[in-house]
Amino acid sequence: MSEFIVHSIAGSPFGRSVLAALEEKGASYRLSPVAPGTFQSPQHLARHPFGRVPVLEHGGFSLYETQAILRYLDRVLPAPALTPADPKHAARMDQVMNINDWYLFNGVGNVIVFHRVVGPRVMGLKPDEAAIEAAMPKARTVFGELARLLGEQSYFAGEAISLADLLVAPAVGFFTQTPEWAVLGAPHANLVAWLARMEARPSMKATTWERVSEMAKAA
Ligand SMILES: N[C@@H](CCC(=O)N[C@@H](CS)C(=O)NCC(=O)O)C(=O)O
């Protein structure tokens with residue numbers, strides 16, 4: 001099978017989802033680091049016209065959008081399956097993946113995590129407290145919904161890990177580094193236990209910010 005090449009950057013939750021999926025599949029892959037400040041370069045825009053990461057390359061096939069990449073990987077690397085066979089479980093997986101993109105990332109993660117973690121760490125910025133406060137009502141709804149949908153299951157789509165867990169865990173993991181976690185995530189014992197379960201997986205341990213930084217340096 002052709003090599004999987006992932007264009008991404010350390011600290012990208014979407015990029016980590018793709019790397020973690022490749023790890024879950026036991027696939028060999030290579031990180032092609034996108035240098036900070038080059039997302040709008042002609043070279044990167046040719047790969048991703050919206051100037052984002054990740055982008056997957058596989059045997060001359062190039063694909064962006066994390067959900068599409070995750071589903072592609074699950075089709076070309078069918079074992080272990082990361083999509084449940086049961087239609088209701090699969091629908092729950094799809095629902096949680098869309099919650100991630102539409103509600104957790106947009107207006108919540110890209111505000112709170114950006115101002116608390118990424119901005120200060122990467123750009124030396126000070127958090128915008130007003131922006132964080134404005135994002136909190138939506139954030140409460142998102143985390144309440146994630147906890148409700150998870151319920152007493154081990155993973156979002158049932159008792160087996162699915163693409164939904166791999167998409168959401170990197171995003172939720174960032175919130176534990178923010179003071180907002182105390183009101184958003186920590187009160188939901190099931191969510192806390194799920195995150196611990198996810199972070200204990202070798203796929204997540206292999207794709208931390210630090211580990212991806214090491215991959216980028218070695219590339
Ligand atoms: N819908 C895209 C979102 C990807 C995305 O927003 N990636 C972030 C990093 S986690 C990014 O590239 N940000 C660069 C920017 O906003 O300029 C996907 O699912 O892949």
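**Loops, ligand site and salt bridges**

Proline 80 is found in the loop between helix H3 and helix H4 (residues 87-123), where helices (H or I, at least four residues) and strands (E, at least two) are DSSP runs numbered from the N terminus. The structure is a predicted model, with pLDDT of at least 70 required for local features and 80 or more for side-chain atom pairs, while totals for chains, interfaces and linings use all residues. Residues are numbered from 1 along each chain as its sequence is written, and side-chain values use heavy atoms, leaving out hydrogens and water.

A cis peptide bond, with omega about -10°, joins alanine 79 to proline 80. Valine 53 and proline 54 are also joined by a cis bond, with omega about 5°; proline 54 belongs to the loop between helix H2 (42-47) and strand E3 (55-58). Most peptide bonds are trans, and most residues other than glycine have a negative phi. Glutamate 65, in the loop between strand E4 (61-64) and H3, has a positive phi, near 90°.

Turning to the ligand, Val53, Pro54 and Glu65 are among the residues around it, as are Ser12, Pro13, Phe14, Phe39, Arg52, Thr66 and Phe105 (a heavy atom within 4 Å). By class, this shell has 6 nonpolar, 2 polar and 2 charged residues (Ala, Val, Leu, Ile, Met, Phe, Trp, Tyr, Cys and Pro being nonpolar, Asp, Glu, Lys and Arg charged, and the others polar). A polar side-chain atom of arginine 52 lies 2.6 Å from a ligand oxygen, and one of glutamate 65 lies 2.8 Å from a ligand nitrogen. In threonine 66, a side-chain N or O atom is 2.8 Å from an oxygen of the ligand. On its own, the ligand has 510 Å² of accessible area (Shrake-Rupley method, 1.4 Å probe), and the protein covers 76% of that area.

Away from the ligand, what holds lysine 25 and aspartate 74 together? The two residues form a salt bridge, with their closest N and O atoms 2.4 Å apart (Lys or Arg side-chain nitrogen within 4 Å of an Asp or Glu carboxyl oxygen). The pair links distant parts of the chain: lysine 25 is in helix H1 (residues 13-25) and aspartate 74 is in helix H3 (residues 66-76), 49 residues apart. The structure holds 9 salt bridges.

Conventions:
Polar contact = N/O pair within 3.5 Å; in protein donor to acceptor, adjacent residues only side chain to side chain.
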